[in-house]
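Grab your viewer and work through the exercises below. Each one gives a task, then a solution in steps.

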Amino acid sequence: MNPDWIYGLLGGMLIGTGGAVYLLANGRIMGASGIIGGLVDGSGRSTMGERISFLAGLALIPVVLLWFLGPKETHATGNFALLIAAGLLVGVGTRLANGCTSGHGVCGISRLSLRGMVATVFYILAGGLTVVLFRHLLGII
């Protein structure tokens, strides 16, 4: 059996632990899109240091893990235009859904939030349909 599944399990555990620590330390829900959105639209000025620290951690932890574990092979496309378009679409989707998978999926479901559960179901369905469309029907990815 391929042991790569352990990275997904550990990543999920780290996100869940991060969400719990963020809630306990700040009394707020850890939603990455809300944290970034507050910096972009200026509504998070009072917590700017906390938001920047959180985002710096998101960027630096993979670098630290890369140093300890070495590079890992991914199945991401080498098409940078497609990656940029995907990132922009994710950003638009998180604004439309009033949150992202970390806010709705990890934190919303753990709080038994109906909105979080419904949003997560739709995220999963949209992701599955996107893979069927772009990989199996169009052959793009």
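**Exercise 1. Burial of a charged residue**

Decide whether Glu 50 counts as buried, partly exposed or exposed.

*Solution.* Start with the number: Glu 50 has a relative accessibility of 23%. Buried would need a value under 20%, and exposed one over 50%. So Glu 50 counts as partly exposed. Keep in mind that you're looking at a predicted model.

**Exercise 2. Salt bridges**

How many salt bridges does the structure hold, and which parts of the chain do they tie together?

*Solution.* Step one, the count: there are 2 salt bridges.

Step two, take the Glu 50 pair. Its partner is Arg 28, and the closest N and O atoms are 2.4 Å apart. Arg 28 sits in the loop between H1 and H2, while Glu 50 belongs to helix H3, so this pair ties together parts that are 22 residues apart in sequence. Arg 28 has a relative accessible area of 33%, so it's partly exposed.

Step three, the other pair: Arg 95 bridges to Asp 41, with 3.6 Å between the closest N and O atoms. Here helix H4 provides Arg 95 and the loop between H2 and H3 provides Asp 41, so the parts tied together are 54 residues apart in sequence. With a relative accessible area of 47%, Asp 41 is partly exposed.

For background, side chains of opposite charge can pair when their charged atoms come close.

**Exercise 3. Overall layout**

Describe the chain's secondary structure, extent and share of buried residues.

*Solution.* First, count the elements: 6 helices and 0 strands. Read from the N terminus, that gives α-α-α-α-α-α. Next, get the extent: along the principal axes, the C-alpha atoms fill a box of roughly 45 × 35 × 30 Å. Last, burial: 20% of the 141 residues count as buried.

**Exercise 4. Helix crossings**

Classify how H2 packs on H3, then do the same for H5 and H6.

*Solution.* Two packed helices are described by the angle between their axes and the distance between the axes.

Take H2 (residues 32-40) with H3: the axes come within 10 Å and cross at roughly 130 degrees. That angle makes H2 oblique to H3, because it's neither over 145 degrees (roughly antiparallel) nor in the 65 to 115 range (roughly perpendicular). As for handedness, H2 passes H3 in a left-handed crossing.

Now H5 and H6: their axes are 8 Å apart, and the packing angle is about 130 degrees. These helices are therefore oblique to each other. H5 passes H6 in a left-handed crossing.

**Exercise 5. Backbone outliers**

What's the sign of phi at Asn 98 and Leu 112, positive or negative, and where do these residues sit?

*Solution.* Begin with the usual expectation: most residues other than glycine have a negative phi.

Check Asn 98: its phi is positive, about 55 degrees, although it isn't a glycine. Asn 98 lies in the loop between helix H4 (80-96) and helix H5 (101-110). Its relative accessibility is 57%, so Asn 98 counts as exposed.

Check Leu 112: again not a glycine, it has a positive phi of about 60 degrees. You'll find Leu 112 in the loop between H5 and helix H6 (114-137). At 67% relative accessibility, Leu 112 counts as exposed.

**Exercise 6. A nonpolar surface patch**

Find the nonpolar patch on the surface and say which elements give two or more residues to it.

*Solution.* The patch residues include Trp 5, Tyr 7, Leu 9, Ile 61, Trp 67 and Phe 68, and the patch has about 1,300 Å² of accessible area together. Helix H1 (5-26) and helix H3 (48-69) are the elements that give two or more residues. To look at one member, pick Ile 61, which is in helix H3. Its relative accessible area is 47%, so Ile 61 is partly exposed.

**Exercise 7. Two buried residues**

Are Gly 44 and Phe 54 buried or exposed, and how far is each from a residue distant in sequence?

*Solution.* Gly 44 is in the loop between H2 and H3. With a relative accessible area of 2%, Gly 44 is buried. Gly 44 and Met 117 are 73 residues apart in sequence, and their C-alpha atoms are 26 Å apart.

Phe 54 is in helix H3. At 16% relative accessibility, Phe 54 counts as buried. From Phe 54 to Tyr 22 the C-alpha separation is 9.2 Å, with their positions 32 residues apart along the chain.

How values were computed. Residues numbered from 1 in each chain as written. Predicted model: local features only at pLDDT ≥ 70, side-chain atom pairs only at ≥ 80, totals over all residues. Heavy atoms only, no water. Helix = DSSP H or I, 4+ residues; strand = E, 2+ residues; numbered from the N terminus. Buried < 20%, exposed > 50% of the residue type's maximum accessible area, 1.4 Å probe, protein only. Patch = residues over 30% accessible without salt bridge, like charges linked within 9 Å, V, L, I, M, F, W, Y side chains within 5 Å. Areas by Shrake-Rupley, 256 points an atom, 1.4 Å probe, with all protein chains shown as cover. Salt bridge = Lys/Arg side-chain N within 4 Å of Asp/Glu carboxyl O. Axes fitted to C-alpha atoms, helices over the stretch in contact; angles between N-to-C directions. Parallel < 35°, antiparallel > 145°, perpendicular 65-115°, else oblique. Left-handed = near helix turned anticlockwise from the far one by under 90°.
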